[in-house]
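Work through the exercises below with the sequence and the model side by side. Try each task before reading its solution.

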Amino acid sequence: MRGSATIEMAVLMPIMMLLILLLIYMALYLYDRSVLYGDAYLAALRASGKPETGSEELYAEADAVFTLLQEGQLIALPAVARELNVDADGVRIRYNGEVIVPVMETSIIFERWKSYAFSGEAYAQRHRPVTFIRRCRVLERLLQEEDYGEEYD
């Protein structure tokens, strides 16, 4: 009976350390995913706020902003592949990649769980302030015409 606690701890301690390391790595992974989504949305939003520029210029600006925003921020995720789509309606940024869990990478037992794919998408509708104001004025005019046509008691 003497020394049984030492033997139990010798068996349990590596398992507990593995679980703690995996939890820490999962927290870093979730942090990186949220940073990527925020950066992608911010880059799409910044590019969508310039209606007078062409699609190629918006594409270059969104790509530069996205690259600049994520520079030095990602901890657990390796290189991220991105796809930008700029059209008349908005700016869409899709990103994807694969994360390799360091602890699982070297183990034969956990071969199945050594990597996870991640992907995400951010979209921002293009703003056209002049068109919006014109539509508001047309709507206001229509509402005024409707109000004047009704009889009030």
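## Exercise 1: Helix 2

Task: Compare the expected span of helix 2 (residues 55-70) with the distance between its end C-alpha atoms.

Solution. The model is predicted. Helix 2 has 16 residues, and at 1.5 Å a residue it should span 22 Å. The rise is counted one time less than the number of residues. The end C-alpha atoms of helix 2 are 22 Å apart, so the two values agree.

Task: Which residues of helix 2 are buried, and on which side of the helix are they?

Solution. Start with the cut-off: buried means under 20% relative accessible area. In helix 2, L58, A62, V65, F66, L69 and Q70 are buried. They cover an arc of only 115 degrees around the axis, so they sit on the same side of helix 2. Now turn to the other side of helix 2: E56 and L68 are exposed there. Next, look for the packing partners. The buried residues of helix 2 pack against helix 1, strand 1 (81-86) and strand 2 (90-100). Finally, check what follows the helix. Just after helix 2, G72 has a positive phi of about 80 degrees.

## Exercise 2: The whole chain

Task: How many helices and strands does the protein chain have, and in what order do the elements run?

Solution. The count is 4 helices and 3 strands. Read from the N terminus, the order is α-α-β-β-α-β-α.

Task: State how much of the protein chain is buried, and what share of its contacts is long in sequence.

Solution. Take burial first: of 153 residues, 23% count as buried. Then take the surface. The accessible surface comes to about 11,300 Å², and 60% of this belongs to carbon and sulfur atoms. Last, take the contacts with a separation of 6 or more. Residues 24 or more positions apart account for 65% of them.

## Exercise 3: A surface patch

Task: Which residues make the nonpolar surface patch of about 1,100 Å²?

Solution. List the members: I7, M9, V11, L12, M13, I15, M16, M17, L19, I20, L21 and I24. Place one of them: I24 lies in helix 1 (residues 4-48). Then check the exposure of I24. Its relative accessible area is 49%, so I24 is partly exposed. The cut-off for exposed is over 50%.

## Exercise 4: A residue in strand 3

Task: Is A122 buried or exposed, and which residues does A122 touch?

Solution. First locate A122: it lies in strand 3 (residues 115-125). The relative accessible area of A122 is 1%, so A122 is buried. Now leave out residues up to four places away in sequence. A122 then touches Y37, A40, Y41, V91, R92 and I93. Also compare sequence and space for A122 and L84. They are 38 residues apart in sequence, and their C-alpha atoms are 9.8 Å apart.

## Exercise 5: Salt bridges

Task: Trace the salt bridges that join E83, R92, R94 and E121.

Solution. Side chains of opposite charge can pair when their charged atoms come close. A search of the whole structure finds 4 salt bridges. Take three pairs in turn.

- R94 and E83: the closest N and O atoms are 3.5 Å apart. R94 is in strand 2 and E83 in strand 1, 11 residues apart, and the pair links distant parts of the chain.
- R92 and E121: the side chains meet at 2.5 Å, N to O. R92 is in strand 2 and E121 in strand 3, 29 residues apart.
- E121 and R94: the closest N and O atoms are 3.0 Å apart. E121 lies in strand 3 and R94 in strand 2, so this pair ties together parts 27 residues apart in sequence.

Now combine them. Through shared partners, the salt bridges join E83, R92, R94 and E121 into one network.

Task: How exposed are E83, R92, R94 and E121?

Solution. Go through the relative accessible areas. R94 has 32%, so it counts as partly exposed. E83 is partly exposed at 45%. R92 is partly exposed at 23%. E121 is partly exposed at 37%.

Terms used. Residues numbered from 1 in each chain as written. Predicted model: local features only at pLDDT ≥ 70, side-chain atom pairs only at ≥ 80, totals over all residues. Heavy atoms only, no water. Patch = residues over 30% accessible without salt bridge, like charges linked within 9 Å, V, L, I, M, F, W, Y side chains within 5 Å. Areas by Shrake-Rupley, 256 points an atom, 1.4 Å probe, with all protein chains shown as cover. Helix = DSSP H or I, 4+ residues; strand = E, 2+ residues; numbered from the N terminus. Buried < 20%, exposed > 50% of the residue type's maximum accessible area, 1.4 Å probe, protein only. Arc of directions from axis to C-beta. Contact = heavy atoms within 4.5 Å.
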